[in-house]
Amino acid sequence: MISKIRRPFNLQNILLSYGFVIIFALLFIFFSLTTKNFLTIDNLLTILVSAAPYILMATGLATVIMTGNIDISVGAILFLAMVSGNMLMLTRSLNPWIAIPLMFAVGLALGALNGFIITVLKINPLITTLGMLFGVRGLTLYITHEQMMTLAPVLLNFGKLPYFRELVILIALVFLVLMHILITRTPFGRHVMAVGNSPEIAARLGVRVKTTIFITYVLSGLMVTIGGLFQLMQVSVIVSREGQGYEFTLIAAAVIGGISLFGGEGNMIPGLILGGTTLVMAENGLTQLGVTPYLYPLVRGGIIFLAMYADSLKSSVSKTMAVISEVAEKFLPVVNPGPPGEK
Amino acid sequence: MSELTLRLVDIQKKFAGVQALKGVSIDAYAGESVALLGPNGAGKSTLMNILGGVIPPDSGNIFLHDQPVEIHSPLEAVRHGITFVHQEIAMLPTLTIAENLFITSFPTQLGFIKTRAINDQAVQAMARLGFYFPPTTKVSSLSPGDRQLVEIARALLSNPKIIIFDEPTSSLTEREKLRLFEVIQGLKVTGVTIIYITHLLYEVFDICERAYILRDGEIVGGGLMKDLPYQKIVQMMTGARSEQAVATRKSRQTSETILQVTGLNRSGVLEDINIELHKGEVLGLWGLLGSGRTELLRAITGLDPIDSGVIQIHEKGTTRKIRPADTKKWVGMITENRREEGLLLPQSVKDNMSLANLTGLLSRLWPLIDGRREVKEAEKYVQRLNIAISGLNQVVATLSGGNQQKVVIGRWLERNPIIYFMDEPMRGLDVGAKAEIRKIIGELAEAGAAILVVSSELEELMSVSDRYLVMDRGRIVAELPCETTKEELIARAAEAKAFEAR
């Protein structure tokens, strides 16, 4: 009854929007054919288990990116949150029921501090979170004396539970779905997208822009801590460089998944799943191929670059499209499909 | 006669000592469309912002349905049934139509948006406008005209009794405009009062029953459209004072053509434009707002594409055909909005002056800017144009409008082009500064430059021009000599439209 609107140059847009699905598929096929152990249930599960914490961590940051802002302090926040809770459990034997929520509280508070500096003190998000990155990481290194730290027994035991890997995937999935619903089904989610479109227009329409941005930074701090905890339980130790470089891995996961750095676009499902898994799968496959680990950063950098380039290309294409349709409008019949019922 | 819905009585407003509204009174009836006409700065927007609750009036009363009301905020205005459709469309392109309509008023259940409810309501709201896109369509895939309909639908959600349209057709195509007019007619039938702000006179004849003409903060005329002949409105808009204050000048016109434009066309915008610009003359391009003056300048300088036409430069006995994009090499362009397009406001006077001539300032030894020569050149033109500054390093943003405009002109003097295009060179300047700019234009012409001036203030244009081209709806409709009177110029600019409007 209601007809769809047709647009020219669909192919190009599809290619740009779903390009990474294709790359993902190609990588998957390539590794499956060239290595013996890649396409085994156990290995695929390994990939998912390693990817799950990253995806979980990225859900909060993704909301920040959707507003058109950025948070590069996530790795440092994760580091301090983990160290603070873990250290209190180790040295002061703090009850895990207090220590673990404390970790989350630290992440949440640091996110709130980011949000406060950005929305109230009006300092550029990149500078704010860059300052946070150095400040928080420096503080944490001061606390740990740059020493590596084993996890508290509770966390270690938790990591040794039967079906721990399946549990991690399940928990990540639950949080992912919750965040997805938050963004797609609540007024807050629409306001995030509205701010990402244009803070000025959103404000003019009555959206509380600052509150919205503030909340996304809180979510970013909180979610990176939750994700980080599951990451640590897999490796059993907090290294002195914990969380370093995560900011770019997470931003890359978001961008690969189609969440535009220009804001206002993208989704958690399937976007983040695709983004997070692509990065982990590439490294897993390279390991299987026996490539030296020193090359991983290069590959990761290449993928990140490709994703960002596609993002920028996509938005310039849509600008061109706007011009094209504006011109076309003059020559083509009005696209208004007409009242329902009519042919 | 239908019900009197809105009555503004003796509204006054002062901004920083300037009387923006000098006691304006307006009546509007249910189911009719009232045009608010007037040149830029006449006070149209101020008046509507008062009605929309954006700014408070100094004195005066607002009556809605014969009840006196005070409107303190836009929200209160909406509660009184008054909504505003702004000139720039406020849309969130990556969200759907329904989401754009309800962005700040989502109906929710347990915190979740009732998606089906907003979609259904959106369909209903849009159907009132004869607009049948699925509500889940992303706004980014809509044309500007469709987006405006979404904007109007949003305004209609609050069930307004009075809708103010501020220049609604400025970004619309002809077809979209006709559809908008249909929508407005439809709204009138339901008893809504429309206030229609525009400077495009012919639109008013299509859709308005009543008009008020504002000039310098005063209502200079108004009444039912059927009692207002076109010519009379034009005269009221441009100012009926036929003062002789305009210095009568002798034509300097020479016969040596420098720039020649032949058969220039741009579909739907410009039609068969032929111009000869002579050495040492000031050619005044006159026409009402929307007649295509700025579009013509943009087309000749390659800012907008052209469909056909030839541009030739005659220089030192040779003739060469050039592409529109290359015109800039010969032309000193003084743009309409000096603050946005002409100047780097936070930079110094010297930097701004050097900008158009950086290659000319390079040292002879190596490709670096010769600082001493830069200062010398800048000083030379600061003196010649009598620019009042504390020093060459003064920041341009701190200069007065007149001095800023002189910096823009001074910049081109350094390059010494043979042709100048000046779009509204005296806009926003005080009387003294206008006189100085006028003198500079005269001097440039005396020195042999060919100058094309565009201005919407007829007196300004008449004070500098040696010859006139009159434009109307993208065509040049007349060429008139220096001695032409103001009444004649107004008549020529208006007559074609008057013919079509009736």
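## Contacts and composition of chain A

In this predicted model, residues 24 or more positions apart account for 80% of the contacts in chain A that have a separation of 6 or more. The chain contains 13 helices and two strands. Of its 343 residues, 48% count as buried.

## Helix α10 of chain A

Helix α10 of chain A covers residues 209–235, a run of 27 residues. At 1.5 Å a residue, a helix of this length should span 39 Å, and the end C-alpha atoms are indeed 39 Å apart, so the expected and computed values agree. The helix is mostly covered, with 21 of its 27 residues buried. Just after α10(A), Ser236(A) adopts a positive phi of about 70°.

Two packed helices are described by the angle between their axes and the distance between the axes. Helix α3 of chain A, residues 74–91, packs with α10(A) at an angle of about 60°, and the two axes are 9 Å apart. The crossing of α3(A) past α10(A) is right-handed. On the α3(A) side, the contact is made by Val74(A), Ile77(A), Leu78(A), Ala81(A) and Met82(A). On the α10(A) side, Ser220(A), Gly221(A), Val224(A), Thr225(A), Gly228(A), Leu229(A) and Leu232(A) take part.

## Aromatic pairs

Over all chains, the count comes to seven aromatic pairs. One of these joins Phe31(A) and Phe38(A): the ring centres lie 5.4 Å apart and the planes stand at 45°, so the pair is classed as tilted, an angle between the 30 degree limit for stacked pairs and the 60 degree limit for edge-to-face pairs.

Both Phe31(A) and Phe38(A) are buried. Together with Phe28(A) and Phe30(A), these two residues form one aromatic cluster.

## The six-stranded sheet of chain B

Chain B holds an open sheet of six strands in the order β6-β9-β10-β3-β11-β12, with mixed pairing. Strands β6 (82–85) and β12 (218–224) of chain B stand at the edges; each has a single partner strand, so one side of each is left without a neighbour in the sheet. Neighbouring strands of this sheet are turned by 15° against each other on average, direction ignored.

Strands of a sheet pair through backbone hydrogen bonds, either parallel or antiparallel. Both arrangements can be followed at β11(B), which covers residues 210–215. Strand β3 of chain B, residues 33–37, runs parallel to β11(B) and is joined to it by four bridges. Among the partners across this pairing, Val34(B) is matched with Arg210(B) and Ala35(B) with Ala211(B). Strand β12(B), by contrast, runs antiparallel to β11(B), and six bridges join the two. Here Arg215(B) has Glu218(B) as its bridge partner. Strands β11(B) and β12(B) form a hairpin with two residues between them, and Asp216(B) in the turn has a positive phi of about 50°.

## Burial and helices around this sheet

Six of the six residues of β11(B) are buried, so the strand is largely enclosed by the rest of the structure. Arg210(B), Tyr212(B) and Leu214(B) point one way from β11(B), while Ala211(B), Ile213(B) and Arg215(B) point the other way; all are buried.

Helix α5 of chain B, residues 144–156, lies across β6 and β9 (162–166) of chain B and runs at about 170° to β6(B). Helix α6 of chain B, residues 174–189, also packs on the sheet, touching β3, β9 and β10 (193–198) of chain B. The direction of α6(B) makes about 150° with that of β10(B).

## The four-stranded sheet of chain B

An open sheet of four strands in chain B has the order β14-β13-β16-β17, with antiparallel pairing. Its edges are β14 (270–278) and β17 (318–322) of chain B, each with a single partner strand, so one side of each lacks a neighbour in the sheet. Neighbouring strands of this sheet are turned by 15° against each other on average, direction ignored.

Strand β16 of chain B, residues 308–315, runs antiparallel to β17(B), and five bridges join them. In β17(B), Arg320(B) is the bridge partner of Ile313(B). Helix α9 of chain B, residues 293–300, lies across β13 (257–266), β14 and β16 of chain B, running at about 75° to β14(B).

Note on methods. Residues numbered from 1 in each chain as written. Chains lettered and ligands numbered in written order. Predicted model: local features only at pLDDT ≥ 70, side-chain atom pairs only at ≥ 80, totals over all residues. Heavy atoms only, no water. Expected span 1.5 Å × (residues − 1). Buried < 20%, exposed > 50% of the residue type's maximum accessible area, 1.4 Å probe, protein only. Pairing = 2+ DSSP bridges. Axes fitted to C-alpha atoms, helices over the stretch in contact; angles between N-to-C directions. Contact = heavy atoms within 4.5 Å. Phe/Tyr/Trp six-rings, centres within 6.5 Å; stacked < 30°, edge-to-face > 60°. Left-handed = near helix turned anticlockwise from the far one by under 90°.
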